[in-house]
Amino acid sequence: MKYTKFYLLGLIFLMGCSSSEAPVDSAVESKIFHYGNGTEPQGLDPHIVTGVPEHHLLLALCEGLTSSNPKGGESLPGSAASWDISEDGKVYTFYLQENGKWSNGDIVTADDYVWSWQRILTPSLGSQYPDMLYYVMNAEEFHTGSLNDFSKVGVKAIDDLTLQVTLKEPTPFFLGLLSHYSTWAVHKETVLKHGSIDDRNGQWTRPGNFVCNGPFNLKSWELNKKIIVEKNPLYWDSDMVELNEMHFYPISVEMTEERMFRAGQLHVTSTFPSSKCTPDIKETNPNIKIHPYMGTYFYRFNTKNEALSDVRVRKALAYSIDREKIVETVTKCGQIPAYSFTPPGSNGFLPDTKIPYDVELAKELLKEAGYDSGKDFPKLEILFNTSEGHRKVALAVQQMWQQNLGINVELVNQDWKVYLSREMIGDFQVSRAGWIGDYEDPNTFLDTLRPNRGNNKTGWENPEFDRLVALANATLDQDERYEILMQAERLLIDEMPIAPIYTYVRVYQLHEDVKGWYPNILSHHHPKYIRIERD
Amino acid sequence: MANSSSLWSDALRRLLKNKAAVGGAFVLLILFILAALAPWIAPYPYAYQNLDLGASPPSAEHLLGTDILGRDLYSRILYGARISLLVGFVATTVALFIGVTWGLIAGYFGGKIDTVMMRIVDVLYGIPFIIFIILLMVVFGRNLWLLFIAIGAVEWLTMARIVRGQVLSLKNQEFILAAQAMGVSNFSMFKRHLLPNILGPIAVYATLTIPQVMLLESFLSFLGLGIQPPMSSWGTLIKDGVESMEEYSWLLIYPGLTFTITLFALNFFGDGLRDALDPKTSDN
Amino acid sequence: MLGIFFRRVLLAIPVLIAVASITFFLVRLAPGGPFDADKAVSEQVLKNLNEAYNLNAPLSEQYFDYMSGIVVGDFGPSFRFPGRSVTELIMTGLPVTFELAIYSMLIALLIGILSGVVAALKRNTFLDYIPMSIAMIGICVPTFLLGPLLVLIFGINLEILPVSGWGQLPGDKILPSLTLGFAYAAYIARLSRGGMLEILNQDFIRTARAKGLSESMVVTKHAMQGGLLPVVSFLGPAIAGLLSGSFVIETIFQIPGLGRFYVEAAFNRDYTMILGTTIFFSFMIVIFNLLSDLAALWLNPRSRDT
């Protein structure tokens, strides 16, 4: 048994070996940024992926025609140096960067964009974001198969560095839309070398094959461990880029990520455990960042349900939710009570709608609808996907509705996929929902509640609302446009097919060495501005 | 065969000498009583939350503290006992039913029937059941009865093997041959001659299966596939406890302790039973 | 012995086919498909996606395509990670799970055999009761309770070991291996104790002692070979159990192994991944059961089991 000691020691040693200096400390010299990135990215093909972790990577690896302004506001030049917009707002002419290059040295041409948009609009590719480009003339027709000739779609290469886009309507938020990765270009030769134009499983995104036009290049990709990108010297604005490398870690458990941050392993985390949020968190934790995020947490009403088809019932339900209490005692991480569907501050849009916490009024409305003090009101079910956070909110709302209105509420949680499919087929009464904006404009929210929108799911189809939103999209003057959208928002809140609860915030930790990281409502943090400096 | 009543009293004597087993039985008895009386003795309903209170350590109002939603832990553990024990017993009964029947038929009839039946058991043995249970739960949702059946369906295989083995060894005994010669019906054979004599091993195995089943249920609940909240088994309580163990360690410790003690008791009792009924494998 | 070997291999084939087939149809029964997402997928796009993965073809056709693919080792593309094949994903997760299983097994063997042998030698003394009671802990405390408890003590209160990850922070492999290993140590302790007790009572041991051999010689050279036989038979199912049971540990400690892949695939309805991992696990279980039965037979030809 004397060998046992050696045996045990050896075992522990084997399992315990690792390095010594904390990564954030050595990063001051090496300029390597350590990014806590949530879940493992599905992939790196901008025309196929759909998530936020993928977005963070794509922001480093590729670039679109425009780039969202990290401080908010007007779009900045991306791979397009400048652009002209026609009088009627339907024709955009983009002048690409003269020294815009792909990471293999090829010049980024207008043709690249034409081909790329054809790619994402090719039905057999199965992209989940083709509707970003539906504003382009004939794009939707090409994607749905009613048009087979791509040359009829409103995007043309006038010459190598000039791209002309023709829209169906003067879409005022088109430039903002272009910062979404689904509209970005991919390198034609590379894609075709490793698969066909519509091959979802093409191998062009592997390290060694990957070519794109962003500030960084793909260096290595170890599944479930780490993705490394390194500075791309051929990027047109590479003088601006100060980081040498970025390491992206897929850490899906909040607690682990939090500990890794404290151990000096990460510069930034993707989230923060809500159980650690306290009212004075900003004082106790100097690394905490809490920013408004362009997202709304709300409850959907199935307006096809007998009781919920009555707008008075819906308003009664919405007016008896104490939003202040929920953000203070349930979510606790600095969320903001929401009194509109579109988050306030989205590109300067400030909805003036109100949703009072007025129990008396709610009771009145319920009585008018025929359910005095909740009598005869059918049992209401709140559907949500399994998550402690959602459960807590649902429990609070359940208690408020039961107490304030005297109605019977049941909570039903299902796992993610089941929840989604039930929502899609309308098998629910009230369901928890969240919507994050794809680009900085109220349209990304209001559009979803138009009739015939897959994301509507409420069964609410209001022709006036539809007309207003369509009209706004065709209006060039910003103030006029916002006036119309305001009317739409007011109509929405007056009809209450959904009950907004709170506006999302991004809560995460950022190391004090990180500079050039600006909070913005879409939470786009362009790697090209990030610097690591220790004071 | 020896006079069965003295066999049982011998066994009982041995059992009572085994302090661990007696202790285990005692604990189990208390547990059953508490679980049965839970709706009357629990200070709070298990779903009653007190959001303003939130999680709080043990105090006068809440013997074992409260969880994040202000629910009384002591009450939830009591109600959890009902669920966990229910799952344990029902699922084991399902396993028992299928396993014993299968084993009896295979062992008694022998020949081709036996071969086919046991081959099926072999094939099923090779399937990683945990994987299927997970899939079943995902596919059909969190249904309590489905849970019982799924768990029972996993555990019956070993029971079948044991019963078959026992039947095989009994088959050639004189009293069986005599009964056959007298023309006793098969059903009667099972009921009056075979079953009483294999009751011992069945009881032992059943007692040892219950903790397995409870472990399996709690494991599923831990993955989020078992009992649906707000109803809770000990498994879900432990899961909740793990999530908040850094700040509110009592949420993990008390349910964990209760669960462990119960399993200990079941195992000690089951071991004691086995040793009592089969002196060859005991130490004395 | 060869006959038994071949018979078992032959038996394994219908098992694997049954497993694959049942899983194939079971996953498609689940509500919710692989492409359901928060941002609703339009009918058009859904049709395109289903086309791309051949999900619009009749079920029987899909089934035959899939089964014929498996025979040549092609488990298809992952639904969740476009561009990656299921085989590739399995190969990424496998070494991790395997490493975890090996470390756990070593710990289990060390603690288990030691406790069991000592307990057998010092029967009915404290050195018997204490190790056996500790072994009981491994049986009675579920891994998902033991793990977090160890984390609470060593990771949070004492702060000497990391609480999760595998290869990310120094020493993060210790707690998961210890947790998993302890559970199996318990069974191994009981088996070795039982086995040793049986052997130690036998005549040839008494002869060896009478001949004047030292106790340690008696134990190690004569008793253990036979006494540890039950442990050897148990090894197969144990390793197989470790592999498939690892997903609790992998979930608790956030280890990117095959077990966690499986659970996530089930939740995400990644059909091909579910199928691939299920078949793979079954295959491993069959192989390990076979190997350990063979080892047991080889060590003691008398213990033949029908």
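Start in chain A of this predicted model and select the strands β11 to β16 that form an open sheet. Six strands make up this sheet, in the order β12-β16-β11-β15-β13-β14, and their pairing is mixed. To find its edges, select residues 336–337 (β12) and 409–414 (β14) of chain A; each of these strands pairs on one side only. Strands of a sheet pair through backbone hydrogen bonds, either parallel or antiparallel.

Next, select residues 288–301 (β11) and 498–509 (β16) of chain A. These two strands run antiparallel and are joined by 10 bridges. For one point along the pair, label A:Thr296 in β11 and look across to β16(A), where A:Thr503 is its bridge partner.

Stay with the sheet and add residues 416–424 of chain A, which are helix α14. This helix lies across β13 (380–385), β14 and β15 (430–436) of chain A, and runs at about 130° to β13(A).

Now move to residues 32–36 of chain A, strand β1. Of its 5 residues, 4 are buried, so the strand is largely enclosed by the rest of the structure. Add residues 245–249 of chain A to see β10, which runs parallel to β1(A) and is joined to it by 5 bridges. Which residue of β10(A) is the bridge partner of A:His34? Label A:His247 to see the partner.

Show chain C beside chain A. Here 37 residues of chain C are in contact with 41 residues of chain A. On the chain C side, select α2 (43–52), α4 (86–121) and α7 (174–200), each of which supplies at least two residues to the side that touches chain A. The most comes from α2(C), with 6 residues. Coloured by class, this side of chain C shows 19 nonpolar, 12 polar and 6 charged residues.

Then bring up chain B, where 11 residues are in contact with 10 residues of chain A. The side of chain B that touches chain A has 4 nonpolar, 4 polar and 3 charged residues.

Finish inside chain B with helices α2 (residues 19–41) and α3 (residues 73–109). Their axes are 8 Å apart and the helices pack at an angle of about 110°; α2(B) and α3(B) are therefore roughly perpendicular to each other. Show side chains for B:Leu31, B:Leu34, B:Ala35 and B:Ala38 in α2(B), which meet B:Leu78, B:Tyr79, B:Ala81, B:Arg82 and B:Leu85 in α3(B). This contact has 8 nonpolar residues, no polar ones and 1 charged.

Technical notes
Residues are numbered from 1 along each chain as its sequence is written. Chains are lettered from A and ligands numbered from 1 in the order in which they are written. This is a predicted model: local features need pLDDT of at least 70, side-chain atom pairs count only at pLDDT 80 or more; totals for chains, interfaces and linings use all residues. Two strands pair if DSSP finds at least two bridges between them. Two residues are in contact if their C-beta atoms, placed from the backbone, lie within 7 Å. Axes are lines fitted to C-alpha atoms, for helices over the stretch in contact, and angles run from 0 to 180 degrees between N-to-C directions. Ala, Val, Leu, Ile, Met, Phe, Trp, Tyr, Cys and Pro count as nonpolar, Asp, Glu, Lys and Arg as charged, and the others, Gly among them, as polar. Angles under 35 degrees count as roughly parallel, over 145 as roughly antiparallel, 65 to 115 as roughly perpendicular and the rest as oblique. A residue is buried if 20 or more other C-beta atoms lie within 10 Å of its own, exposed if 12 or fewer, and partly exposed in between; C-beta atoms are placed from the backbone.
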